[in-house]
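Got the viewer open? Switch on the side chains and let's take a walk around the aromatic rings.

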Amino acid sequence: MGASSEDVSRNIRAKLDGLADTALELQDLRWPQLRSTLSDDQYRNMVQDTKYHLQFLASSLWANEAALYDNYVLWVKVLFENLALPAEWLSGSLADVRDAIAKDLGAESAARAALLIDRAIAALETADTSIASYITPDQPLGSLAVRYLGAVLGGDRHGASRSILDAVAAGTPVRDIYTHVFQPAQLELGRLWQLNRISVAQEHYATAVTQMVMSQLYGEIFTDAPKEHTLVAACVGSELHELGLRMVTDFFEMDGWDTHYLGANMPASSIVTTAAERGADVLALSATMSFRVEEVAEIIRLLRDNDATKNVKVLVGGYPFNLAPELWKRVGADNFARSAPEALKAAAGLVA
Ligand code: B12
């Protein structure tokens, strides 16, 4: 195969809209009646799904990590199953994406893409779509997590807040609240949304409550103690998932670091400028959607190309890095960590 995975990835990104159009034309040939049965909203979702098939594929090829695509396809399978959409819509539309690549980019590119797509289609047949709950009463602080999530989903943010503030007043460490209540509650929200058991509105409300309660705990988190090291933390590109990084940043603050949390949706150049202005020892970058890993690499490249920031250590994390434990090397980072407590250990190693 002449074209590298990276070349194919770049070409898919460059021609994404055209490829999606071709894949949808192939889909019309496969199921000639389908389009006329769909509402405008359903058709818009189908177009968006086709673009996601291509975006996740491009990043998985760039990273050379089949695990990223396998996970994506399984995720769509669960979603479709719970929306009562036919399973062959997924396998058919993935095959159409592969054939669109053959048509528009040529056989060599399609062969690269097929390595990931055909393997994912084959795995679909037998894939287990059950997802266990992230919260059980017997895990640490399990009953508090059950109560907290129950209050949040019941629309009772005062009750939710009270349950946490009371626990902290009674001596439960904030770190444990983050690890054993907020994190599993957020993951459980994702599971319930994927299983079509809660609405997007419930998930938004619940996340907003968790952010509010985290702010209420800031009296416990910030101190005036002198700080030895500085952390700048940001989510890459148009990434909106910021809660995980905020938790990580708060762990650094509680560990005595001076932290500058920039949150979601950060332009690359501003991240680099802030790292320089703040004299960051470590830059923490977070990505949740796997199709943003190239943006992580791009920020790190900009950082290394700048005399003011070339020695800043970079720690990465988030969903794709947890799926593919070698991915941090591919993006050019200095290390990665799966969780907030592990991030502290990894950073300590970097600034030692
Ligand atoms: C809340 C939420 C949202 C909120 C985010 C709001 C906010 N202010 O953060 C909103 C509504 C914006 C959202 C949008 C979307 N979401 Co969403 N979301 C979630 C949800 C339910 C919780 C995320 C969260 O708070 N996790 C809790 C934290 C603590 O976990 P974490 O992020 O993994 O972070 C930990 C580690 O990864 C690590 N870590 C994280 N960052 C870093 C960085 C460093 C440096 C280090 C060292 C470590 C580290 O440490 C953290 C603490 O332990 C997840 C479910 C899930 N499984 O995560 C879905 C989820 C991530 N979302 C998903 C999807 C699909 C979307 C949308 C595409 C939906 C849509 N169709 O529009 C959009 C995309 C938005 C975008 N442009 O980025 C999917 C992703 C599936 C996939 N295959 O990739 C998930 C998994 C839901 C699901 N089960 O289907 N979402």
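What follows is a short tour of ring pairs, a cluster and two arginines. Keep in mind that this is a predicted model.

The structure holds 11 aromatic pairs. Start by selecting Phe 56 and Phe 291: the ring centres are 5.1 Å apart and the planes meet at 90°, so this pair is edge-to-face. Now zoom out and colour by secondary structure. Phe 56 belongs to helix α4 (residues 40-63), while Phe 291 sits in the loop between β3 (282-286) and α15 (293-304). That makes it a link between distant parts of the chain, with the two positions 235 residues apart.

Buried or exposed, these two rings? Phe 56 has 7% relative accessibility, so it counts as buried. Phe 291 is buried as well, at 9%.

Next, hop over to Tyr 218 and Phe 222. Here is another edge-to-face pair, 5.0 Å centre to centre with 85° between the planes. Turn on the surface and look at Phe 222: its relative accessible area is 40%, which makes it partly exposed.

Go back to Phe 56 and widen the selection. Which residues join Phe 56 and Phe 291 in one aromatic cluster? Add Tyr 52, Tyr 69, Tyr 72 and Trp 75, and you have the cluster on screen.

Last stop: charges over rings. Select Trp 62 and Arg 330, where the arginine lies over the face of the tryptophan, 3.9 Å from the ring centre. Then pick Trp 31, which has Arg 30 over its face at 5.5 Å from the ring centre.

Note on methods. Residues are numbered from 1 along each chain as its sequence is written. This is a predicted model: local features need pLDDT of at least 70, side-chain atom pairs count only at pLDDT 80 or more; totals for chains, interfaces and linings use all residues. Side-chain values use heavy atoms; hydrogens and water are left out. Rings of Phe, Tyr and Trp (its six-membered ring) pair if their centres lie within 6.5 Å; planes under 30 degrees apart count as stacked, over 60 as edge-to-face and the rest as tilted. Helices (H or I, at least four residues) and strands (E, at least two) are DSSP runs, numbered from the N terminus. Buried means under 20% relative accessible area, exposed over 50%, partly exposed in between (1.4 Å probe, protein chains only). A charge sits over a ring if NZ of Lys or CZ of Arg is within 6 Å of the ring centre and within 35 degrees of the ring normal.
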